[in-house]
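Subject: A structure for you to explore

Hi there,

Here is the structure I promised to pass on to you. Have a look around it first, and then read my notes below.

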Amino acid sequence: MTNNNLICDLETGVCGVSEDNEMQVIDFDQKRKSINLYYVTDPICSHCWALEPILRRFVEQYGHYINFHTIMGGLLEKWAGFADVSNGISRPSDVAGHWREVGEQSRMPIDGTLWLENPIQSSYPPSKVFKVIQQQNEDLANIFLRRAREAVFVFNQNIAEKSVLIEIVNNIGLDGEKVIKEAELSIGQRLLSEDFALASQLGVKGFPSIIMLNKENKGVKIVGSRTLESYIAGLKQVLHLDELQPKQQPALFSLLEKEKLLFSKEIEVMYDIEQKDINVFAEKELSTTAYDAKEILGETYFVMK
């Protein structure tokens, strides 16, 4: 992956090199026992953050059809030598405005002033930490990725810094210093390089990219932050089915208990409600749950007490 992957387009919903078609039929030789979904992403991919409400609902309701694999794509190795004057990005400070646009459009809160005050020099450190944790526990790795994204997009923390990473890892119940130390060893880069090779094999150029493969070794590649209907249509195509049997959405108290923090947009998408109804809905669904409703960057969010 190259530094040009940092370029993100509001219209296509892609961080990286855009492609002509948002959904493409693809065919690979590797044998699959069932549907494998590869989510190629990066901790600082703003469109990946914008996709979270839709991706969560898709996995909650259709996850029984798929084996979910999170792959690191390598959005930003370093700034040295990077320049994209035509897109207005030639230095870290140019990213701030773009991130704010993505946040405003998606309503997944993004501060972005980090790029002016304490810019991220590489997305590789948190990516390596993700890979080290993933080797031990896939679920914890995905929790780490979520917490890292909350930290960088909403709470304006530099997740390339060792101290920030240690705190995030400690807070998910692991030994932060031990994990970060391991991530800095050769194994961290090796695991990351393996992901890069797989992403290249899958034909991924931009993030988020979702690839679904069936047991006939055929599938679809969906590039960019798309609608729930796009992912459902892709899954139907891969399975050769006209209809799918979605699971019922989880109760809000169960979802919040699992996620610990949910933004208004995530609840709206999960339960098909309007923004104006969010507080009434939350009060009804969480009446017996200890939670706080807070606000940041103009958006409501809910946290477990």
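The notes below go from the overall build to the salt bridges.

Please keep in mind that this is a predicted model.

Let's start with the whole protein. It has twelve helices and eleven strands. Along its principal axes, the C-alpha trace spans about 55 × 50 × 40 Å. A compact globule with 305 residues would have a radius of gyration near 19 Å, and the protein agrees with this, having 19 Å. Of the 305 residues, 57% count as buried. If you take contacts between residues at least 6 apart in sequence, 72% of them join residues at least 24 apart. The accessible surface comes to about 13800 Å², and carbon and sulfur atoms hold 46% of that.

Now for the charges. The protein has 32 positive and 44 negative charges, and the mean positions of these two groups are 5 Å apart. Side chains of opposite charge can pair when their charged atoms come close. How many salt bridges does the structure hold? There are 17 of them, and here are three to look up in the viewer.

The first stop is Arg-56 with Glu-259, where the closest N and O atoms of the salt bridge are 3.2 Å apart. Arg-56 belongs to helix α1 (residues 46-62) and Glu-259 to helix α10 (residues 252-259), so this pair ties together parts that lie 203 residues apart in sequence. Are these two residues buried or exposed? Both Arg-56 and Glu-259 are buried.

Next, find Lys-305 and Asp-292, whose side chains meet in a salt bridge at 3.7 Å, N to O. Lys-305 lies in the segment after β11 (299-304), while Asp-292 is in strand β10 (residues 291-296), so the parts tied together here are 13 residues apart in sequence. Lys-305 counts as exposed because its relative accessible area is 67%, whereas Asp-292, at 29% relative accessibility, counts as partly exposed.

Some residues take part in a wider arrangement: salt bridges with shared partners join Glu-52, Arg-56, Arg-146, Arg-147, Arg-149, Glu-150, Glu-259 and Glu-266 into one network. You will recognise Arg-56 and Glu-259 from the first stop, where they form a salt bridge with each other.

The last pair is Arg-91 and Asp-94, a salt bridge with its closest N and O atoms 3.9 Å apart. Arg-91 counts as partly exposed, because its relative accessibility is 46%.

Enjoy exploring!

Best wishes

How values were computed: Residues numbered from 1 in each chain as written. Predicted model: local features only at pLDDT ≥ 70, side-chain atom pairs only at ≥ 80, totals over all residues. Heavy atoms only, no water. Salt bridge = Lys/Arg side-chain N within 4 Å of Asp/Glu carboxyl O. Helix = DSSP H or I, 4+ residues; strand = E, 2+ residues; numbered from the N terminus. Buried < 20%, exposed > 50% of the residue type's maximum accessible area, 1.4 Å probe, protein only. Rg over C-alpha atoms; globule rule 2.2 N^0.38 Å. Contact = heavy atoms within 4.5 Å. Areas by Shrake-Rupley, 256 points an atom, 1.4 Å probe, with all protein chains shown as cover. Lys, Arg positive; Asp, Glu negative; His and termini not counted. Charge placed at Lys NZ, Arg CZ, Asp CG, Glu CD.
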